[in-house]
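Here's a quick briefing to read with the model open. It goes through charged contacts, a small sheet, backbone oddities and cysteines.

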Amino acid sequence: MSNRYANLVGSKKISEDFNNINIGFDRVQADMDTKAAAASPALTGTPTAPTQPAGDNSTKIATTQYADRAAGKVQGNLDMHIGDKVVHVTQEDHDKLDGIQEGAEVNQNAFAKVNDIEAAAPSSQLFIVGGLGITVTTNPNTGEVTVTATGESAPGAHGSTHTEHGADPIPTATLTEGGLLSAAQFAEIVAHGELLDEHSAAITSLEDRLDTADTNELTLQPGVQIITAQRDARFNLESIKGKTEINGQGRIGIIGVENPYVMRISGNLLPPFYEWVAAEGNPSFISPYKVNVSNANKLAAEFPVISGKTYTLSVKSSAMSGRLFAYRIDTSEALLDVTGSTDLTGSFVVPQGVTRVAIRLLGTATDMVTMYDAIACIGSVAKPFRPREDAMLALQTDLYADPVTGSTADEIFVRDGQYFKLAKWKKINLLPDVIDSSSLGCARYTGYVQIGLFMPKHRDTSNVKAYMTKYNGNLLTIDAVNSPLPNGDLFNVGNESQAGYVWMTIFNTDSGWGDNYTPTTDEIKAYFMGWVMFNASAVVSSGSVGPSNPPNNFYNGTGTKGWARRSGNSYADGTSVLPVTQATGWTPYQLLYKLATPTVEPIMSEGCLTFTEGDNQIEVGTGIVLREGVKPFQNPSNGNTVINSTSPGQESSKVKYPVERFLRAYKSSLQDNAVWTHQVNDPYAYGKDRLYMTGGVNYDPSAAYSVTYLKLDKSPVVPITGSVGTNEKAQLIDLTAGVQEALLRVSVVEQKKSEKDTPGWIAPTLLNGWENFGGLYAPAGYMKDSEGFVHFRGLIRNGAVGQNMFVLPEGYRPKADLIIGVVSHNNTTYVPSAIKVTSTGQVIYLEGSFYHLPLECITPFLAEK
């Protein structure tokens, strides 16, 4: 602390100089009380401060010197500005002045023209006034003018908007009154617009699809397969080619593709119950898909399957005793076994190598249980019941190719909706009905004979390519060089000028003719029907002739003539009467030759193959026979009626070929399946199937019956190529083609009518001196029309009265003997005469003249045997 406030002595202690310290503090306080405050001081006297440089813009103190200097500068600038005569404006004003164009008027009128009001001077005014229902208000402060509808007259007061939410909404538009669209109506229009866009796109797409027919090529392979279709479509056949096997398919001889077919099953693989068979007892049918069964009354069926595929079976049962059982046909191994009531369902995978599966419906108790709505479908998921939907395309023709190379095959094609065959080959069974008896010739050589024959209906032969098999299937060798043929089992066919002629050699060991004997025409014909000749003199016993051993017992012109038919490696049915019918079990000589010129011929067809959307099970096969006429046999005691029975007395109901299975039965051309049940593997079935009707209540003896079936005898199966439409254009073309096909094709029914109008005549073997009259007169012949009646024609002469003239084969014989009145000519006049036709086929001339006999006089009769 300074001594100017207290006289302190530094050598003294604080306690010694305490009084001086207090005096010092008092003096400091008094001095401080006289000083100005730090904030906002009030100075007195004449305070000074440093003068800051010109232009300083800080918070420093400005002295009077600084202020005088700044004021002087401002005054100087002001004097200079006052003295400057140039106008000074802002940049914005400069921009406005620059925008005034040259020639602009000064003090122009306030406005130019509003409607038809023009301003007269810069001070002219425009007034806005209200009208009817309109008021005008102004606000001078804001410069606003407001026009208001007062509602005192039309159009009335208006709200802030014209929507349905305004104070004065415009009404919503209706179909009869104009107005404003509501939000819902607008949304609907938008939705409709979007829908129209979708429809427009769809129509454009459809137009594109209608411009071009899109198709997929498709080849249906032999056997069973699954075809998945994107939409319902028709299969358009393009080609089926022929194939030839020698001794194939377990058969003897030349076998081609016989009557190809393709079947489609979709929805339900199981047929109606009336196509099933009674596996045991007598199941009771209620309707096509409803039946009563029990443990002693079982119903069974088979259906085709594909190895490795999964199938699902379902059936409904009315009681707990219902049972659904599926198994392999070859081993009886169970694939599915379900019992219970309501829905019985199960799936199984088809084992390798299995092509058909058997199914049985039965009960587990003696009481009847109702089973109904059975369905089998592809896949592991059960589907709702639906009846089976079938489609089939069947073609009635045979197709061949070169049996060695497979080349130059016959081919089926379609033209203008009609099925045709481009035929390059022809097969003939060498039986008497194709041979002109008058042209048969025989030349004898050591160990064999050479037979020359003429086939008047087959004058299109060519020796470029030809094949012939004998009764055992062995191939004969063609020799187009040597004449005569130098050995047995050789043949040649005529070419060009000799078309229709065939020359062949037959070993004595085959015919039974010795080196010293030349057979007659009728004996040659008997050989071609399966009869071997032998010397029967040593084997006549009790009025009958035993067959002995014909190959080692040749007939050489002496002794009793005998004939026997081949039966395997032995002989049977020995007889001393010249046979005139084909031997049982005989396989005739067969000739396949390449046509000199290929021909195009229409073929019979039935049905149309279509696919349904989804999975379709397809079966491609051969051997279908379409609508073959049959004569059902009805038991007179109980009315039971049968088709295709070999039971004694029922043979007239047989069909032409052994049956694998019947597909359809027809009554007066209409399907008649519902009244027939299948008896599969019945011991009296001709083949494996026969049809049976209990009681015969629905059988009409006056109706015409026919059947479609699959032959038991197999033949080669070949692929079928075609296409399927995949869009609307293709479907329209298919529809048009289907209609055209229905109108133009030669249907089975039309072909049957044609056969009836122009039937084929068979030349009989004339006996006991009877011969054709010759000249301009028709030779002897007989035929059977589509209704089963046998007709005769021709003029014969010089035969023995009271003797047999010829013999009719089975299928052409009456049920009982008939005596028919005729007339004959004695070279002077016609005389009453009589003929007897027996149930064994003999046509005997009872009485009359032998000069000539017109066979047309024989009244047609129904062939029932």
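A salt bridge here means a side-chain nitrogen of Lys or Arg within 4 Å of a carboxyl oxygen of Asp or Glu. With that in hand, Glu771 and Arg797 make the cut, because their closest N and O atoms are 3.5 Å apart. Keep in mind that this is a predicted model.

**Salt bridges**
- The whole structure holds 27 salt bridges.
- Arg388 and Glu275 form one of them, with the closest N and O atoms 3.6 Å apart. This pair ties together distant parts of the chain, 113 residues apart: Arg388 sits in the loop between S20 and strand S21 (389-396), and Glu275 in the loop between strand S10 (261-266) and strand S11 (277-280).
- Lys316 and Asp343 also meet in a salt bridge, at 2.7 Å from N to O. Lys316 lies in strand S15 (residues 310-317) and Asp343 in strand S18 (residues 342-349), 27 residues apart along the chain.
- Both ends of that contact are partly exposed: Lys316 has 27% relative accessibility, and Asp343 has 47%.
- Lys470, Asp489, Asp510 and Arg566 are joined in a salt-bridge network.

**The S49-S52-S57 sheet**
- Three strands make an open sheet with antiparallel pairing, in the order S49-S52-S57. S49 and strand S57 (853-854) are the edge strands, each pairing on one side only.
- Strand S52 (residues 795-797) pairs with S57 through two bridges, in the antiparallel sense. Look for Ile796, whose bridge partner in S57 is Leu853.
- Back to the Glu771–Arg797 salt bridge: Glu771 is in strand S49 and Arg797 in strand S52, 26 residues apart. Glu771 is partly exposed at 34% relative accessibility, and Arg797 is partly exposed at 26%.

**Backbone oddities**
- The Ser483 to Pro484 peptide bond is cis, with omega near 5 degrees. Pro484 belongs to the loop between strand S28 (475-478) and strand S29 (490-493).
- Asp373 isn't a glycine, yet its phi is positive, near 55 degrees. You'll find Asp373 in strand S20 (residues 369-378), partly exposed with a relative accessible area of 21%.
- Asn768 is another non-glycine with a positive phi, about 55 degrees. Asn768 sits in the loop between helix H8 (748-757) and strand S49 (771-772) and is partly exposed, at 40% relative accessible area.

**Cysteines**
- How many disulfides are there? The count comes to zero, going by cysteine sulfur pairs within 2.5 Å.
- Cys377 counts as buried because its relative accessibility is 3%, under the 20% cut-off. Cys857, at 26%, counts as partly exposed.

Definitions and conventions
Residues numbered from 1 in each chain as written. Predicted model: local features only at pLDDT ≥ 70, side-chain atom pairs only at ≥ 80, totals over all residues. Heavy atoms only, no water. Helix = DSSP H or I, 4+ residues; strand = E, 2+ residues; numbered from the N terminus. Buried < 20%, exposed > 50% of the residue type's maximum accessible area, 1.4 Å probe, protein only. Pairing = 2+ DSSP bridges.
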